[in-house]
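Biologist: I'm new to this one. Please take a close look at chain B for me, then show me how it sits with its partner.

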Amino acid sequence: MTCDLETPGGRRTIELRRRGSAWEMTLDGRILSVDVTATGGRWSLLIGPDTSSRRSYEVAVERRSNGERIVYVNGLAVPVSIVDPRERLVQRRGNVSDGTGPRSIVSPMPGRIVKVLVREGDVVAAQQGLVVVEAMKMENELRAPRAGQVSAVKVVEGMSVEAKAVLVTLA
Amino acid sequence: MRKILIANRGEIAVRVMRACRDMSLATVAVYSECDRAARHVRVADEAIAIGPSPPGESYLRIDRIIDAARASGADAIHPGYGFLSENEDFAAACRDAGITFIGPTAEAITLMGSKTAARRAAMAAGVPVVPGTEEPLAADVPDALIVERARQIGFPVMVKAVAGGGGKGMRVVSSPADLPSAIRAARSEAGAAFGDSTIYLERRLERPRHIEVQLLADHHGTVLACVERECSIQRRHQKVIEETPSPVVSPEQRARLTAAAAAVAASVGYTNAGTVEFLLDEQGRFYFLEVNTRIQVEHPVTEMITGVDLVAWQIRIARGERLDVPADQLLVPRGHAIECRVYAEDPDAGFLPSPGRITSLRIPSGPGIRDDGWAETGTDVPVFYDPLISKLIAWGADRPQAIARMRRALMEYEVRGIRTSLPFFQWMLRQPSFVSAEFHTEFLDELLQRRAGEGFSEIDPSLEEVAAIAACIADVEGELAGRSGSTGAPAGEGTLKPVLSASARVAADSSDRPVRSWKDRARLEGLRG
């Protein structure tokens, strides 16, 4: 069987076959043997071209929504999205995160609105500051994830907001 | 002194309690509503609730903390850092209640707490200061007058809170037009953080380094200075990485810096632990900046290279002991130490706070590694307080070894469930300018500006492959927590539990379920039972 995955570096295709207690996989044309053992919520992976030359990795995999996975390895969190039959359906139903549709900027935490930097109708560039929220003793500037036009501003200065409250919408 | 109340939370409360335990002293924790299950409550011998979660209703309530000390029979209070640690009213309230305040006197806190008074004290002790306003600028001083003062000092200027600390209420202004809005922002931030919106101006030095000197001073007239710390890696005036000794301070400069620091302290009769902060300009001249009248976040690096327990000495000094450490032990560095402040912040999203539940935590250890923390698997990092999770400290015989050990520890450090600044530190410790120690206090902000929001999780292709392989196998093999039906955990987000014994799976049900997922397809293809 074949898995399609997206990592920050691009799309990858893995073909997976079971070989006894281990897996054999074809990754971008290379054949790799992968031995997997679970230990205390983490996995030990031994990966290499054959069983005599394998590198050792320790990983933990966490599930996010819509096929998003976070793989913890070497102290880094690597986002991986899986394109599989079930999750393709899910994504089609609730397509919220592609680059073109309307985009809501939400407060990542409860806090107080210190400053609103844009008005409805403003055209903003990617990374432009939209709202300054004070939380955890710091002022945090929330920036536009992409360029667009501000279609709604839902907050005013001085207002308290809950986590995930919609602050600004980009058309 | 037999029982100490720790008027703080988080890592510093745990740190102080550990010192108390080492000294066979009993400890009393105080806690707010959201901290009922926090680590410091469990580490303490006793614990007393002091109110709702917002700090103004609990950890900043002098009355409630004094009541807690009286009720528990504590004969001393350690304030930690932040909260009430530099509040002269708190130190005075302890004294009035007959409780030993583990720190300097209320008078010393008042004097040094006023940044303008501290500058005058430094000048009187013959220590150079950065040019700036001699008098504090209270809220009623008109902007026009402040602009005039700024012109006299020369732009760019720093607008700073007189009651300041931790970079709060601090702004850099390069032109007169920007000054009024900076004053407004600094006043509002300072008012919220310290209850005092008085500000002052200081000339902004170009590319200075932040160098500071830890002091210990007893009640018998002994003032000892330690090897300097360098804290030039700052983000928005908040220290991010600290190290000691400074890679650029020569033994001659060290002798002058430490003597100047001790002179400032001696001139005001300072007692207990404190830190004198300096700026070092590109010509190697140093200027007095301010005195911090508390134990500092970065104190462990000094402990690592001097072998003294600074918190234990705070307690010993407070109970009247003589400071009998040989001066050389504090002034001659034994190796090199670096500290990374691990925050619940997402470095790949502009360092936004990332509060929430830690679903898994593994703390590094091994040669030369110390972690001063408080969080555990299952800890909820609250939104009410500073998001510091731990301080990771690496010691080495020299700076390269300390860096190598820090890199190793960062790779071992795993925090799941929330984002942390760990990936940023992995990146930072690989930067040539960090390795060669060519930095200054604006170095990191300039660098972040150039990167314009670009993330720090630099994942090399081979690690991406490993991640892809793991995710792929997890999807085929893993049973989602909750979907397996045995744990009762909610479906959706969660850790993929490894279920990986090939032999154990053979017996699993392989009947005619509809093909809905890879798991089902894998079953059909004989890849799983």
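Modeller: First, a bit of vocabulary: helices (H or I, at least four residues) and strands (E, at least two) are DSSP runs, numbered from the N terminus. This is a predicted model, where local features need pLDDT of at least 70, side-chain atom pairs count only at pLDDT 80 or more, and totals for chains, interfaces and linings use all residues. Residues are numbered from 1 along each chain as its sequence is written, chains are lettered from A and ligands numbered from 1 in the order in which they are written, and side-chain values use heavy atoms, leaving out hydrogens and water.

So, on to chain B. Its secondary structure comes to 19 helices and 25 strands. Of its 529 residues, 59% are buried (under 20% relative accessible area; exposed is over 50%, and partly exposed is in between, with a 1.4 Å probe and protein chains only). The accessible surface of chain B is about 19,500 Å², with 51% of that belonging to carbon and sulfur atoms; such areas come from the Shrake-Rupley method with a 1.4 Å probe, and for residues only the protein chains shown count as cover. Now take the contacts in chain B with a separation of 6 or more: 64% of them are made by residues 24 or more positions apart. A contact here is a pair with heavy atoms within 4.5 Å.

Let's go inside. The largest nonpolar core has 39 residues; a core of this kind is a set of buried Ala, Val, Leu, Ile, Met, Phe, Trp, Tyr and Cys residues joined through side-chain atoms within 4.5 Å. The members that touch the most others are Ile233(B), Ile241(B), Phe424(B) and Met428(B). Several elements of chain B each supply at least two residues of this core, among them strand 12, strand 15 (336-343) and helix 14 (422-428). In soluble globular proteins, nonpolar side chains tend to be buried together.

Try clicking on Ile241(B). Leaving out residues up to four places away in sequence, Ile241(B) touches, among others, Ile233(B), Ile338(B), Phe425(B), Met428(B), Leu429(B) and Phe434(B). Glu230(B) and Glu339(B) are on that list of contacts too.

Helix 17 is another good stop. Of its 17 residues, 15 are buried, which leaves helix 17 of chain B mostly covered. The helix runs over residues 461-477, and at 1.5 Å a residue it should span 24 Å; the end C-alpha atoms are 24 Å apart, so the two agree. The expected span is 1.5 Å times one less than the number of residues.

Next, some backbone details. Going from Phe155(B) to Pro156(B), the peptide bond is cis, with omega near 0°. Pro156(B) sits in the loop between helix 7 (143-153) and strand 6 (157-161) of chain B. A cis bond also links Thr244(B) to Pro245(B), with omega near -5°, and Pro245(B) belongs to the loop from strand 12 (238-244) to helix 9 (251-267). Arg207(B) has a positive phi, near 45°, although it isn't glycine. You'll find Arg207(B) in the loop between strand 8 (199-203) and strand 9 (209-217) of chain B, partly exposed at a relative accessible area of 39%.

Arg95(B) is part of helix 4 (residues 88-96) of chain B. With 45% relative accessibility, Arg95(B) counts as partly exposed. Apart from neighbours within four places in sequence, Arg95(B) is in contact with Ala106(B) and Glu107(B).

Now for the partner. Chain A has 171 residues, 43% of them buried, and its secondary structure comes to one helix and 16 strands. Where the chains meet, 64 residues of chain A and 66 residues of chain B take part in the contact. Together they bury about 5,900 Å², 64% of it on carbon and sulfur atoms; buried area is the accessible area (1.4 Å probe) that two parts lose on being put together, summed over both. On the chain A side, Met1(A), Arg63(A) and Met136(A) lose the most area to chain B, together 14% of what that side buries.

One caution about chain A. Its mean pLDDT is 82, and 89% of the residues score at least 70; pLDDT is the predictor's confidence in each residue, from 0 to 100. Among the elements of chain A, strand 7 (residues 68-73) has the highest mean, 92, and helix 1 (residues 85-93) the lowest, 48. Over residues 87-98 of chain A, pLDDT stays under 50. Where pLDDT is low, the predicted coordinates should not be read in detail.
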